[in-house]
Amino acid sequence: MFKKILFLALMFVVFSCSNSTPSAGNKNGGSVKWYGVQEGMDLAKKEGKGVIMFFYTDWCIYCKMMDSEVFSDAVVSSFMNENFINIKVNPEKSRETISVMGQSFTPMNFMGEIGATGFPTTMFWDKNQKPLTVLPGYTDKDRFLSVLKYIKDDCFTKKISLEEYMTDTSKCLK
């Protein structure tokens, strides 16, 4: 009897703590619209938008924190949906091909090509579908929103650092 109760308790914990699917909903009212690789890249090309490609795994605690604390924020998710096409990729499961400048990669091989060594990894692409930069690890919502605005405003083309932009956003508008 004790073994059955222990088994049931363990199963409850396992299933209540698991989050194996990408989450779009949240507690803060925000909802990022996520696409698959090919669908997202095609839509970005059609709409002339930059791309955010978020690499995650089911077991990654910081990936789950990005979902629950950053992507669920109403301001962040709204900004992402309005200004970017958002692609969420689990390289351990996805077999979709990522094509960059004439070469095709599996998601895991692509992460190796861009120098990503862990999860989460967020990659930004410009409107011409050229890779811009990679943001490794967890980033809190305020800093992530600053990065989004910095990239949307093309500040990197004006040779303004992210730190300069964060202290004075008007520098990028000049």
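L148 is in contact (heavy atoms within 4.5 Å) with I52, V76, F79, M80, F84 and F124, leaving aside residues up to four places away in sequence. This is a predicted model: local features need pLDDT of at least 70, side-chain atom pairs count only at pLDDT 80 or more, and totals for chains, interfaces and linings use all residues. Residues are numbered from 1 along each chain as its sequence is written, and side-chain values use heavy atoms, with hydrogens and water left out.

**Core and helix α6**

L148 belongs to the largest nonpolar core, which has 47 residues. A nonpolar core is here a set of buried Ala, Val, Leu, Ile, Met, Phe, Trp, Tyr and Cys residues joined through side-chain atoms within 4.5 Å. Buried stands for under 20% relative accessible area, exposed for over 50%, and partly exposed for values in between, with a 1.4 Å probe and protein chains only. The members that touch the most other members are M53, F55, F71, M80, W125, F144 and L148. Helix α6 (residues 141-152) gives this core its largest share, six residues. Helices (H or I, at least four residues) and strands (E, at least two) are DSSP runs numbered from the N terminus. In soluble globular proteins, nonpolar side chains tend to be buried together.

The buried residues of α6 are F144, L145, S146, V147, L148, Y150 and I151. With 12 residues, α6 reaches 16 Å from its first C-alpha to its last, close to the 16 Å expected at 1.5 Å a residue; the expected span is 1.5 Å times one less than the number of residues. D140 caps the N-terminal end of α6, with a side-chain oxygen 3.0 Å from the backbone nitrogen of D142.

**Helix α2**

Which residues of α2 (residues 37-47) are buried? They are V37, G40, M41, L43 and A44. These residues lie on the same side of α2 because they cover an arc of only 165° around the axis, the arc being that of the directions from the helix axis to the C-beta atoms. The buried residues pack against β1 (34-35), β2 (50-55), β3 (84-89), β4 (98-100) and β6 (121-125). Exposed residues E39, K45 and K46 sit on the face of α2 turned away from its buried side.

**Backbone geometry**

The table lists residues with a positive phi.

| Residue | Phi | Place |
|---|---|---|
| G48 | near 65° | follows α2 |
| Q129 | near 60° | loop between β6 and β7 (131-136) |
| D154 | about 55° | loop between α6 and α7 (162-167) |

Neither Q129 nor D154 is a glycine. D154 comes just after α6 and, at 30% relative accessibility, counts as partly exposed. The peptide bond joining F119 and P120 is cis, with omega about -5°. P120 lies in the loop between α5 (107-113) and β6.

**Disulfide and helix α3**

If a disulfide is taken as a pair of cysteine sulfur atoms within 2.5 Å, the count comes to one. C60 and C63 form it, with their sulfur atoms 2.5 Å apart. The torsion about the S-S bond of C60 and C63 is about 85°, so the disulfide is right-handed. Both C60 and C63 are buried.

S68 lies in helix α3 (residues 61-71) and is partly exposed, with a relative accessible area of 33%. From C-alpha to C-alpha, S68 and G30 are 9.9 Å apart in space, while 38 residues separate them in sequence.

Conventions
Polar contact = N/O pair within 3.5 Å; in protein donor to acceptor, adjacent residues only side chain to side chain.
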